[in-house]
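Grab a coffee and open the viewer. Here are a few short exercises to work through at your own pace.

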Amino acid sequence: MSRKKNLNYSLEDLLNDNYFHKWIIDSDASCDEFWENWMKADATRPPMVSKARKILLGIEFKSDPMPEETKARLWRKLESKVVPAGGVYSVAPKSSKLKWYYSAAMITLVAGALASILYFRSVSTQKGATHPIAYTESISPMGQKTTIQLADGSKVKLNASSSLKYPKKFSPETREVYLEGEAFFEVQKNSDRPFIVRTSNITVSVLGTSFNVSAYADNKDISVAVLTGEVMVENTLDAGNGQLYLEPREMAIYDKDKHITRKTIFDYKEILDWKDGVIHLKDANFQEIVKKLEKWFGVTFDVRREIITEKDFTGRFQNKSLEYILQGLSFSFDFDYEIDGKQIIIK
Amino acid sequence: MKNQAEDKLRKDAHLFLSYKSSDFDSHSDEEIWQALLKGSSIAFKYIYNKYADLLYDYGKKITKDNQLIEDCLHDLFIELWSRKASSANIRNLKAYLIISFRRKIISAEKKLSKYEKIASHQKFEMDLTDNLSELMEKEDNNLSALKDALNELPQRQKEALYLRFYNHLSCQDIAEIMAINPQSVYNLLHKALLMLKNKFTTFSILLGAMTLF
């Protein structure tokens, strides 16, 4: 903007100057040079600018803040009309990445159905008299995965060595399930009835989303990773405190020793590969690999010599046999192996 | 050239679809708007979180009816979502939201006033900050007099001041919101500031004279 430096302004002129407003009200740095030069030209100008600045910035409006409760309530109302059941996205994007995810989900479903026909077994247990809700327990033994359809239409894919306890019919207030091990949840949307996953240390509450919970008793951490929607994670022992809200791509990791939960961004493949039949190893040492393969294939390893793991192993195995994977590993780690039924001997 | 730009926007929008809303912090309103056009409900949530408070505050300045404000906010955002395709070209998201919101409130109030008389109340109530108090040397009488004078400004002058000073909108945007021409906005602001300056000068002279004795 071309302007005259010797502009002979009074206080009133300053107060009415649009370009002066831009400098003072909008703190536009591109005006700095002009007004600083303008002030330098005459000794009466700096006090005048200071006065004008005080007047302009001195006017303030009484604020009427929106109550938090109103803002949240209105959002829930909007969300129920805008966001469709079971996910965040109302328009299915033509992104190849998501397409891949949908087809992978279909394959998972088919595989899961087969698995449940072959391996599904359920045990009924009764809970205390205060909640006369009949619970069912589904168990995925070592080497097997199970897909469960819950009464509300939600789907759960249970990883190997895991169990899920759930009611045949949910209570009118909440939908509560108990998890040991790892599972991927696709929760049917119902804003009035939160879906709650309880594990040994943490509780996960959602309204309708998809997410993964890994809570194996022999792991140091419990993790919750969100694929769609929003999830709240809280410490079971410390309910009401330290709630953590997760959005897609975020993961909460609870440290069982330190009793702290931290939030991080997760890698889709690393966390969710399992549900698509892929063994994902990332910077894993030999002990971790053995533990993973034992669960995945339902075998036990007999390691008869020390395996040096200077280099941590990274790799993905999609629908590969144990023998195929062992061949690959034996080459990397330089060992011999023998398969004896459900026992693997490392020599 | 045009296709290239569209492709880029489409790509960006797809990125947005899978991002968490805090990732929008580094994006302009224009980019967020483009993501919304592509159906990102995260962008929608972001816009709600960013502008609901501002709109509510403005609503409280032009009507006393809390329910009306909530209803209009609700309708505004539902429309924003469902009509997003037809309002593809907006210049300034903030101004666009305020314009639509103001129209909704005014037409809803008109409908209501057919049946009942709406009690007028002190709208656009203004306060003075410490800056101005300092200038006034903490003369309580003068301060409250100035505050009263500010509050007695005509409604339209106050609305123009509010939009310019409180919401940092340009005179062009304010003209659109208030459905008047930009020159009228300048005039409204000018009148309000002139009053303020005159009051201020009178008080200063008074104060200056007092300190002489």
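Below are three exercises, each with its solution.

This is a predicted model, so local features need pLDDT of at least 70 and side-chain atom pairs count only at pLDDT 80 or more, while totals for chains, interfaces and linings use all residues. Residues are numbered from 1 along each chain as its sequence is written, chains are lettered from A and ligands numbered from 1 in the order in which they are written, and side-chain values use heavy atoms, leaving out hydrogens and water.

**Exercise 1.** Work out whether A:Asp334 is buried or exposed.

*Solution.* First, find A:Asp334 in the loop between helix 9 (322–333) and strand 19 (337–340) of chain A; helices (H or I, at least four residues) and strands (E, at least two) are DSSP runs, numbered from the N terminus. Next, look up the relative accessible area: at 59%, A:Asp334 is exposed. (Buried means under 20%, exposed over 50%, partly exposed in between, with a 1.4 Å probe and protein chains only.)

**Exercise 2.** Find which strands pair with strand 6 of chain A.

*Solution.* Start with strand 3 (residues 134–140), which runs antiparallel to strand 6 over 6 bridges; pairing takes at least two DSSP bridges. Here A:Ile139 has A:Ser163 as its bridge partner. Then add strand 7 (residues 175–186), also antiparallel to strand 6, over 3 bridges.

**Exercise 3.** Check the length of helix 8 of chain B.

*Solution.* Take 1.5 Å times one less than the number of residues. For the 12 residues of helix 8 (residues 155–166) that gives 16 Å, and the end C-alpha atoms are 15 Å apart, which agrees.
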